[in-house]
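These notebook entries record what I looked up in a structure, entry by entry. I began with how the helices pack and then turned to single residues.

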Amino acid sequence: MARRDLSGAVDFTVLEAMTGGMDEVTEEVLGLFAEQARMWSALLDASSEGWRDAVHTIRGAGAGIGAQALAEICAEVEHGEQAAAPAGLERVRTALDAALADVAAYRHELALRSLKG
C-alpha cells in the first residue's frame, strides 16, 4: 500500500499544514489517530453506554487529520436519536475504515520516504 492507494477519505494537506510538512510529526499524529481509532472503535455499538463519547472523539481526531467525511458523519450520528444509532454507527465504522486505509497508505509512503533519506 502506498500513496497511490489513497481513496480521498483523508485530505492530507490539512495534516501537512498542521505539522509544517515535517514527516516525523506527521507520522506521530497518524500513529495517534490509528491508536485512538483502535481504542474507541470498540465502543461503536449502540448497546455501549459510551458510544456517543467514542463518536465524539473519533470526530475530533478525524477532523484533525483531514478526514472531513468521517467528521461529518460522526457529527450527525453523535447528535442523532438513539433509535438511529445502529445504522449511524455502521456509517461511522465504514467511514473510519476508509480513513484508516488512507492513513495506512500514507504512513507506508512516509516509511518509504524515510528509507530513501
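**Entry 1. H3 against H5**

I looked up the handedness of the H3 and H5 crossing and found it left-handed. The model is a predicted one, and I read every entry below with that in mind. The axes of H3 and H5 come within 12 Å and cross at roughly 30 degrees. Angles under 35 degrees count as roughly parallel, so I recorded H3 and H5 as roughly parallel to each other.

I then listed the residues that make this contact. From H3 they are Trp-51, Val-55, Ile-58 and Ile-65, and from H5 they are Ala-85, Leu-89, Leu-96 and Val-103. Sorted by class, the contact of H3 with H5 has eight nonpolar residues, no polar and no charged ones.

**Entry 2. H2 against H5**

I next took helix H2, residues 23–41, together with helix H5, residues 85–116. Their axes come within 10 Å and cross at roughly 150 degrees. Since angles over 145 degrees count as roughly antiparallel, H2 is roughly antiparallel to H5. I noted the crossing of H2 past H5 as left-handed.

On the H2 side, the contact involves Asp-23, Thr-26, Glu-27, Leu-30, Gly-31, Phe-33, Ala-34, Ala-37 and Ser-41. On the H5 side, I found Leu-96, Ala-99, Leu-100, Val-103, Tyr-106, Arg-107, Leu-110 and Arg-113. The class count for H2 with H5 is ten nonpolar, three polar and four charged residues.

**Entry 3. H1 against H3**

Which angle do the axes of H1 and H3 make where they cross? I found roughly 80 degrees, with the axes coming within 6 Å. The range for roughly perpendicular is 65 to 115 degrees, and H1 and H3 are therefore roughly perpendicular to each other.

H1 contributes Phe-12, Val-14, Leu-15 and Met-18 to the contact, and H3 contributes Ala-63, Gly-64 and Ile-65. By class, I recorded six nonpolar residues, one polar and no charged ones in the contact of H1 with H3.

**Entry 4. The largest nonpolar core**

I asked how many residues the largest nonpolar core has. It has 27 residues, and those with the most contacts inside it are Leu-30, Phe-33, Leu-44, Ile-65 and Leu-70. At least two residues of this core come from each of helix H1 (12–19), H2, helix H3 (51–65), helix H4 (68–78) and H5. H5 gives the most to this core, with nine residues.

I followed Leu-30 further. Leaving aside its neighbours within four places in sequence, I found Leu-30 in contact with Phe-12, Leu-15, Ile-65, Val-103, Tyr-106, Arg-107 and Leu-110.

**Entry 5. Thr-26**

Is Thr-26 buried or exposed? I located Thr-26 in helix H2. Its relative accessibility is 1%, and buried means under 20%, so Thr-26 counts as buried. Not counting residues up to four places away in sequence, Thr-26 touches Leu-15, Thr-19, Tyr-106 and Leu-110.

**Entry 6. Trp-40**

I found Trp-40 in helix H2. With a relative accessible area of 24%, Trp-40 is partly exposed. Trp-40 and Trp-51 are eleven residues apart along the chain, and their C-alpha atoms are separated by 8.5 Å. Once its neighbours within four places in sequence are set aside, Trp-40 is in contact with Asp-53, Ala-54, Thr-57 and Ile-58.

**Entry 7. Gln-82**

Where is Gln-82 found? I placed Gln-82 in the loop between H4 and H5. The relative accessibility of Gln-82 is 41%, so I entered this residue as partly exposed. Gln-82 and Ser-47 are 35 residues apart in sequence, and I read 9.7 Å between them in space, C-alpha to C-alpha. Gln-82 touches Ala-46, Trp-51 and Arg-52, not counting residues up to four places away in sequence.

**Entry 8. His-108**

I looked up His-108 last and found this residue in helix H5. His-108 has a relative accessible area of 33% and is partly exposed. Val-10 and His-108 are 98 residues apart in sequence, and their C-alpha to C-alpha separation in space is 15 Å.

How values were computed: Residues are numbered from 1 along each chain as its sequence is written. This is a predicted model: local features need pLDDT of at least 70, side-chain atom pairs count only at pLDDT 80 or more; totals for chains, interfaces and linings use all residues. Side-chain values use heavy atoms; hydrogens and water are left out. Axes are lines fitted to C-alpha atoms, for helices over the stretch in contact, and angles run from 0 to 180 degrees between N-to-C directions. Helices (H or I, at least four residues) and strands (E, at least two) are DSSP runs, numbered from the N terminus. A crossing is left-handed if the near helix is turned anticlockwise from the far one by less than a right angle, and right-handed if clockwise. Contact means heavy atoms within 4.5 Å. Ala, Val, Leu, Ile, Met, Phe, Trp, Tyr, Cys and Pro count as nonpolar, Asp, Glu, Lys and Arg as charged, and the others, Gly among them, as polar. A nonpolar core is a set of buried Ala, Val, Leu, Ile, Met, Phe, Trp, Tyr and Cys residues joined through side-chain atoms within 4.5 Å. Buried means under 20% relative accessible area, exposed over 50%, partly exposed in between (1.4 Å probe, protein chains only).
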